Amino acid sequence: QITKRLSGSSDPQVGTLLHICGNTLFEKNDYKKAVNFFKEGAKIRKVRTGVDSKETAETVCMIGRCLQKIGSHDDAIGCLKKSLSVLRVAKGKDSLDVGHCHESLGLSLIASNEFRAALEHLSEAVAPLQKHYGKDSFEVSSIYFE
């Protein structure tokens, strides 16, 4: 209902609101609903801030993370690669968003049998996740068991 009412808006605050709603659903593991909020938010952010903006890349990364979680790995890989190049420059290679993007990309690449590339991205995910969560955290150690 919310996305239907807000779609078509070009107000940048609506794009941000949709992103926040998507994050809330993502945190509740409701990836199918979350991806719809992120997709609507991305449409607005692309128009308002540009395709290569940090804001758009953040939302596209979350679309990719949702797609990875629901098993749409080919689509996830496209979103995550696109957003990763922008986020690295905009936020730095050690930012948490970049770490999560690498992690989700690595997991989708494993599912697509691209093991060498997956290992590279999972390795890149470790430092930013350690920086944020700590060396011995579940979030970091779970990378080694994926």
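Helices H6 and H7 run roughly antiparallel to each other, because their axes cross at roughly 150° and an angle over 145 degrees counts as roughly antiparallel. This description rests on a predicted model. The points below cover this helix pair, the pairing of H3 with H4, the largest nonpolar core, and the position of Lys43.

**Helices H6 and H7**

- The axes of H6 and helix H7, the latter spanning residues 115–133, come within 7 Å.
- The crossing of these two helices, H6 and H7, is left-handed.
- On the H6 side, the contact is made by Leu96, Gly99, His100, His102, Glu103, Leu105, Gly106, Leu107, Leu109 and Ile110.
- H7 contributes Phe115, Ala117, Ala118, His121, Leu122, Glu124, Ala125, Pro128, Leu129, His132 and Tyr133 to this contact.
- Sorted by class, the contact of H6 with H7 holds 13 nonpolar, 6 polar and 2 charged residues.

**Helices H3 and H4**

- H3 and H4 have axes that come within 8 Å and cross at roughly 160°.
- H3 and H4 are therefore roughly antiparallel to each other, and H3 passes H4 in a left-handed crossing.
- From H3, the residues in contact are Tyr31, Lys32, Ala34, Val35, Phe38, Lys39, Gly41, Ala42, Arg45, Lys46 and Thr49.
- From H4, the residues in contact are Glu55, Thr56, Glu58, Thr59, Val60, Met62, Ile63, Cys66, Leu67, Lys69 and Ile70.
- The class make-up of the contact between H3 and H4 is 11 nonpolar, 4 polar and 7 charged residues.

**The largest nonpolar core**

- The largest nonpolar core has 30 residues, of which Phe26, Phe38, Ile63 and Cys66 touch the most other members.
- Two or more residues of this core come from each of helix H2 (12–27), helix H3 (31–49), helix H4 (54–70), helix H5 (73–91) and helix H6 (96–111).
- Apart from its neighbours within four places in sequence, Ile63 is in contact with Val35, Phe38, Lys39, Ala42 and Cys79.
- Ile63 of H4 and Phe38 of H3 are also among the residues that make the contact between these two helices.

**Lys43**

- Lys43 lies in helix H3.
- With a relative accessible area of 52%, Lys43 is exposed, because that term applies to values over 50%.
- Lys43 and Val60 are 17 residues apart in sequence, and their C-alpha atoms are 9.8 Å apart in space.
- Val60 is one of the H4 residues in the contact with H3.

Definitions and conventions
Residues numbered from 1 in each chain as written. Predicted model: local features only at pLDDT ≥ 70, side-chain atom pairs only at ≥ 80, totals over all residues. Heavy atoms only, no water. Core = buried A, V, L, I, M, F, W, Y, C linked by side-chain atoms within 4.5 Å. Buried < 20%, exposed > 50% of the residue type's maximum accessible area, 1.4 Å probe, protein only. Helix = DSSP H or I, 4+ residues; strand = E, 2+ residues; numbered from the N terminus. Contact = heavy atoms within 4.5 Å. Axes fitted to C-alpha atoms, helices over the stretch in contact; angles between N-to-C directions. Parallel < 35°, antiparallel > 145°, perpendicular 65-115°, else oblique. Left-handed = near helix turned anticlockwise from the far one by under 90°. Nonpolar A, V, L, I, M, F, W, Y, C, P; charged D, E, K, R; others polar.
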